[in-house]
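Student: I would like to learn how to read a structure feature by feature. Could we go through one together?

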Amino acid sequence: MTIDSASTRREVDRLTARNGANGSHSSNGANGANGSNHSNGSNGSNSSNGSNGSHSSNGANGSHRANGSSHANGANGHVNGSSSTPLCRPTADGSRYELTSATALPKASAFLWNQKMMIQVTCRGYATAQFMQPEPAKYMHAPNLEARTFMQPEQNYYAHHPGRFVYVKDEETSGVFSAPFEPVRAKLDKFVFSAGKSDVRWTVEHLGLRVEMTLVIPTHDVAELWTVQVTNLTDKPRKISVYPYFPFGNMSWMNQSGEWRSDLGAVVASSITPYQKAEDYFKNKNLKDKTYFLCETPPTSWEASQGAFEGEGGLHAPSAIVDGDELGGGDARYETPAAAVQYRLTLPAAESQTLRFLLGPALDDAEIRTMKTRYLSKGGFARCAADYAAYIAKGTGCLEISTPDAALDNFVNHWLPRQCYYHGDVNRLTTDPQTRNYLQDAMGMTYIAPQVARRVFLTALAQQQATGAMPEGILLVEGAELKYINQIPHTDHCVWLPVALETYLSETADYALLAEPVTDRQGLTQTVFERISRAVDWVFAARDGRGLSYIAQGDWCDPMNMVGYKGKGVSAWLTLATGFACRLWADVCEHQGQPALAAKYRADAQTVNDAANAHMWHGSWFARGITDDDVVFGVEADKEGKIWLNPQTWSILSGAASPQQIRHMLAAVDEHLSTPYGTVMFAPPYSGMREDVGRVTQKFPGSAENGSVYNHAAVYYIHALYGIGEADRAYEVLRKLIPGPSDADYVRRGQMPVYIPNYYRGAWHEYPRTAGRSSQLFNTGTVSWAYRCFIEGLCGLRGDADGLAIHPQLPPHWGGMQVKRQFRGATFVLDIKKADVDEVVVRRGNTVLPQAKITSIRPGETYHLSVEVPK
């Protein structure tokens, strides 16, 4: 979309200049102080050009005539207020999102995954890849040994962050540039970064040449399939050299090397994973410690040593390119290895050359040969792309909307179900997902692949402890262990069983699940119903003498780890969440013909709600908790952490808050927590350590859990608002989960609208310059709830045991919307309009239905419905 005002242009230009300074850093003095963050929060995005007529790089082998050879002009890589090219836009069919500047959103990214790997790559060419063997591992490494983390928030990029680069040299003028943008950072004539659902593409033009890069991954193997197509855009022959450069990085302090293997047609780097304990040798001996870069077309020359390739020029102007005609053909012997290959090409006017490469980890030469045979050909790439596209298509959601907000439609119809699918399909690529994450991610899969969500309940409950408590994490493979955060005691995991189950039963009416027998690791067999009853009983019992829930070293907020580490601290949020869990479970008991149990759990809900009101209501909102030393926090008297969002939200869900209390809370949230970029988790943020609250107070103010727009907390609030008919407030917060649609908002957040991040920066009053900046982290429990809010809240299409209820809640500035919803094997097509009615009216054909609900749903049938809602 175009920038529509001078003030907006100034904001975009100001943020672009600052973003460029905060972005990736080249060598030769360009590194600056942003230096050496490790791991990565960005995702590669797919490109496609949509309008430039250029060939897709997955196309023909060898040389062919280019389809569109006009030399693009305009300000590539720079936001230009007078340009007619939108900064960020979907393609015509909505299936891709394109970014037309390499500098306005330098950390913008997209991601691809399968059940064995994930890669996140930025618009500028930096990437982080991880694979399972069975624990997470890397095959492309940062300069130093990294902590065992995958992604870090707001990842900064530096010269030797792992990347996928292609240098191009004009042999007649010695002019050099690189694609996608790093490391040379030339001022390009054209730049398009295109995020697709099943591939990532870049198109750049400079020096009369077009370079198109495409990334695809397989459905079942760990590999990156790269296509590089170079097109001569001029009317004369060109002599050029093309240098794909994929640095392996510092693989091991113990043993690393690299060399060109002519028998394989690859640069192969080898290493030994460091270890100390003798028993670890036997664990490590089958690790894939080789990384290969296979070339379909034999290169003119190569270099396997990073130091020899870069020389004194560094990444920005590698000596091997600038000072020589051909690469030196060297190896790396206990030196940092890299894959640099050179192709000296003569391109006739308006013709192209296509090159294909395969990158990945391997155990041995035999595996490299197998992967080469399987994939490295024009046909192999095409089959892989088709197979992977079919795999991703399995994550197509159950909802399509058409509203006055086209950007919203694109996100809901294409990108939100994709992100839900990722979470539920691969469990965030871990072998021990936190129990709360495992269950909430399954909520999203309920709308996409409910059979997967069903298995989640059975898997989780098989690991229930003898006390009825749920473990910190769920072990998914033989030999997996609870690691990192899952070694810290939290008290909330049982709550999520009835919460996640409510979504599953509403969507499927699969009450037969409750009768499924589950045998735990102690050999005890009980039904799902019995086990969830025990879990709810456990969390209800885990309370102090006041009736408030113990917090131990954290509840949903992991870093709030010192409120109760002495064994006395309590959580207002968990107390209220326990009330909500009891209410939900009471409804299930009622449906199952257990009225006595239903009455018990409703009484339990009332008990904890009463305790929360007695001890946690302070003035106009609920406090967050009481510390080990009996200090109430999250109250008006606190200078920092004065008001927290979650207790207000869950007091609505649990039924603890009266209508009068809700009015006070909503006004307080509007006053203290609302920002232009979403609703913050609490405010004001902490400026330093508070030892009776914990490490959340040590995080930078406005980042992560320390007062950011933490979208997981915000989406709970949205769900609660829809539940009480606060459609206007709910939609306002819901829309802010998604970047855009203005150019200024894209630049401020620094992210394309292809996923919801776990947070946007808060501290809007304290640090307005950085407020709204995306974490770039797409692992978040937000997405299942967000999808639910669009389906059940905005569209008002919620299932129950009998059928599908229809109660849309449109924002006040909309006159209507159209919806297509898949539900229990049937298709619902709804035309929703505001009208002069007092309640929702549903018509099928000319018949007004007796209630706003469809029952006796027949699978395979299409229901065309006209819906009128009050103005």
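Student: Which residue stands opposite E868 in β44?
Tutor: Strands of a sheet pair through backbone hydrogen bonds, either parallel or antiparallel. Here V841 stands opposite E868 in β44. Strand β41 (residues 841-844) and β44 run antiparallel and are joined by three bridges. This is a predicted model, and what follows is read from it.

Student: In which sense do strand β40 and β44 pair, parallel or antiparallel?
Tutor: Strand β40 (residues 826-835) pairs with β44 in the parallel sense, over nine bridges. One register point is F828, whose bridge partner in β44 is Y863.

Student: Which side chains of strand β44 are buried?
Tutor: The side chains of β44 (residues 862-870) alternate. Y863, L865, V867 and V869 point to one face and are buried. T862, H864, S866, E868 and P870 point to the other face and are not buried. E868, the residue opposite V841, is thus in the group that is not buried.

Student: In what order do the strands of the open sheet come?
Tutor: The order is β9-β8-β14-β20-β18, five strands in antiparallel pairing. An edge strand pairs on one side only, and the edges here are β9 (176-179) and β18 (301-305). From one strand to the next, the twist averages 20 degrees.

Student: How many bridges join β18 to strand β20?
Tutor: Four bridges join β18 to strand β20 (residues 337-347), and the two run antiparallel. Within this pair, E303 stands opposite A340 in β20.

Student: Where are the cis peptide bonds to look at, and what is omega there?
Tutor: Omega is the angle to read. The bond from Q133 to P134 is cis, with omega near -15 degrees. P134 lies in the loop between β6 (127-132) and β7 (136-137). Another cis bond runs from A179 to P180, with omega near 0 degrees. P180 is found in the loop between β9 and β10 (190-196), and β9 is one of the edge strands of the open sheet.

Student: What about phi at Y334?
Tutor: Y334 is not a glycine, yet its phi is positive, about 50 degrees. Y334 sits in the loop between β19 (332-333) and β20.

Student: Is Y334 buried or exposed?
Tutor: The relative accessibility of Y334 is 55%, so Y334 counts as exposed; the cut-off is over 50%.

Student: What is phi at R824, and where does R824 lie?
Tutor: R824, also a residue other than glycine, has a positive phi near 50 degrees. The loop between β39 (816-823) and β40 holds R824. R824 counts as partly exposed because its relative accessibility is 24%.

Student: How should I read the length of helix α16?
Tutor: Set the end-to-end C-alpha distance against the value expected at 1.5 Å a residue. Helix α16 (residues 711-723) has 13 residues and reaches 18 Å from its first C-alpha to its last, close to the 18 Å expected. After α16 comes G725, with a positive phi near 80 degrees.

Student: Why is α16 described as largely enclosed?
Tutor: Twelve of its 13 residues are buried, so α16 is largely enclosed by the rest of the structure. Among the buried residues are N711, H712, Y716, Y717 and H719.

Student: Which elements do the buried residues of α17 pack against?
Tutor: They pack against α7 (406-426), β33 (678-679), α16 and α19 (782-794). The buried residues of α17 (residues 727-735) are A727, A730, Y731, V733, L734 and R735.

Student: Which residues of the largest nonpolar core touch the most other members?
Tutor: W113, W496, W585, M752 and F828 do, in a core of 244 residues. Helix α12 (residues 572-591) supplies the largest share of this core, twelve residues. Apart from this core lies another, of 17 residues, including A223, L225, L358 and C384.

Student: What does W585 touch beyond four places in sequence?
Tutor: W585 touches P498, L501, L514, F529, I532, S533, V536 and Y601.

Student: Where does pLDDT stay under 50?
Tutor: It stays under 50 over residues 1-82, for which the model has 277 contacts beyond four places in sequence. The protein chain averages a pLDDT of 91, and 89% of the residues score at least 70.

Definitions and conventions: Residues are numbered from 1 along each chain as its sequence is written. Side-chain values use heavy atoms; hydrogens and water are left out. Two strands pair if DSSP finds at least two bridges between them. Axes are lines fitted to C-alpha atoms, for helices over the stretch in contact, and angles run from 0 to 180 degrees between N-to-C directions. Buried means under 20% relative accessible area, exposed over 50%, partly exposed in between (1.4 Å probe, protein chains only). pLDDT is the predictor's confidence in each residue, from 0 to 100. Contact means heavy atoms within 4.5 Å. A nonpolar core is a set of buried Ala, Val, Leu, Ile, Met, Phe, Trp, Tyr and Cys residues joined through side-chain atoms within 4.5 Å. The expected span of a helix is 1.5 Å times one less than its number of residues.
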